[in-house]
Each structure stands twice: as structure tokens, then as C-alpha cells.
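Here are a few short exercises to work through with the model open beside you. Try each one before reading its solution.

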Amino acid sequence: MANGEPQDKILMSPALTGICNIVLTLAEKVRKDLLTRPANKPAHLVLVYWFAKAAKSYDAAILLWRNGYWQDAAMLGRTILEIALQAMYFRREPERFAAEFFAHETLQRNILFKDMAEHTESDEIRGEIQKFFSEQNLDPAAFKRQRNWWGNGSIWDLVEEIRKQNIYV
């Protein structure tokens with residue numbers, strides 16, 4: 001800025017600054033705690049993954065905000081909101097949903113490999129992907145795209161599912 005004052009001093013109220021500092025402090029405590037208590041169940045692994053993703057997105061949002069990119073910071077807020085909504089829904093049946101989450105992740109990765117094999121000009125890459133599918137006994141033609149681990153709905157559909165089932169934090 002022309003006056004040289006940091007953006008966070010201009011764009012953040014003292015109350016917002018206080019809240020952001022509390023969240024940063026709590027996130028750092030959770031990070032340290034996770035290092036001493038590794039996840040040992042699939043549901044815990046999903047939750048640790050979401051926490052890490054949300055914490056990194058939060059850190060990035062603060063960095064963007066403080067450097068004057070508040071619109072970009074606000075977009076990361078959507079990522080954090082979606083993670084919170086998924087976690088709310090996940091609470092209903094964590095073990096079942098963990099299996100669905102990992103199955104979706106595997107499917108997405110395999111679809112990525114399939115798309116790479118179809119669009120690469122490298123015979124070596126195409127061959128390695130075909131070899132992988134063969135070794136894993138996978139038929140790429142059978143892969144069906146799915147929008148999210150919870151189904152093909154939008155984030156609003158997930159909100160409606162949470163509302164219908166009275167799943168709140």
C-alpha cells in the first residue's frame with residue numbers, strides 16, 4: 001500500500017485479529033498433539049487429513065489476507081467450510097464413511113492414471129499405466145466418475161443431508 005502499513009492492520013479489526021490469533025494457536029497445539037498420537041484407524045486418518053488440509057488453507061488465507069489479497073483469502077474460506085460440512089456428515093457413521101472416502105480417493109487416482117494414459121504422447125508412460133492396471137487387475141473401462149466421496153451431489157446437497165438428519169456441531 002502507498003502508506004506502507006501492513007494490510008492486516010487496515011483490513012482486520014482488533015476482534016478479528018484476536019480470533020485469528022486464537023485459531024492459529026489452537027491449530028498449532030493440535031498439530032503438535034497429532035505428532036504424538038498417530039492415527040490408527042481409517043476414520044482417524046480421514047480426520048487428520050481434513051485437519052491438515054483445513055489448517056494449511058487457514059494459514060494460506062491469513063497470509064493472503066495480510067498481504068492484501070482478501071478476495072483470495074475468502075475463497076479459501078469455502079474450502080474450510082466444505083471440510084467442516086464433510087466432517088459434520090462424517091460423524092454420523094465414521095467407519096463406513098472412511099471406507100467410502102478411501103474408495104473414492106482410489107477411484108479418483110485411477111481415473112487420473114486412465115486419463116494420463118489416454119492423453120500422453122509417451123509410450124513409456126502409457127505402458128507403465130497399463131502395466132499398473134494389469135497388475136492390480138483393474139479395468140479402466142469400468143471406472144465411473146463420482147463427484148464426491150458422499151455421492152454425486154453438490155455441497156448444497158450435503159448441507160441439506162446434514163439439515164435433514166439434524167447433524168450439527
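Helices here are DSSP runs of at least four residues, numbered from the N terminus. By that numbering, Leu-16 lies in helix 2 (residues 14–36). Keep in mind that this is a predicted model.

**Exercise 1.** Find where in the chain confidence is lowest and where it is highest.

*Solution.* Start with the whole chain: its mean pLDDT is 89, and 93% of its residues reach 70 or more. Next, go helix by helix. Confidence is lowest in helix 1 (residues 7–11), with a mean of 60, and highest in helix 6 (residues 123–135), at 97. Where pLDDT is low, the predicted coordinates should not be read in detail.

**Exercise 2.** Work out which helices the buried residues of helix 4 pack against.

*Solution.* First list the buried residues of helix 4: Ala-73, Ile-83, Leu-85, Gln-86, Met-88, Tyr-89 and Phe-90. Then look for their neighbours, which are helix 3 (42–66), helix 5 (94–119) and helix 7 (155–164).

**Exercise 3.** Locate the salt-bridge partner of Arg-109 and say how the pair is placed in helix 5.

*Solution.* Arg-109 pairs with Glu-105, the closest N and O atoms being 3.2 Å apart. The two are 4 residues apart in helix 5, so about one helical turn separates them. Now check exposure: Arg-109 is partly exposed at 32% relative accessibility, and Glu-105 is partly exposed at 34%. Elsewhere, salt bridges with shared partners join Arg-92, Glu-93, Arg-96, Glu-100, Glu-161 and Lys-164 into one network.

Key:
Residues numbered from 1 in each chain as written. Predicted model: local features only at pLDDT ≥ 70, side-chain atom pairs only at ≥ 80, totals over all residues. Heavy atoms only, no water. pLDDT = per-residue confidence, 0-100. Buried < 20%, exposed > 50% of the residue type's maximum accessible area, 1.4 Å probe, protein only. Contact = heavy atoms within 4.5 Å. Salt bridge = Lys/Arg side-chain N within 4 Å of Asp/Glu carboxyl O.
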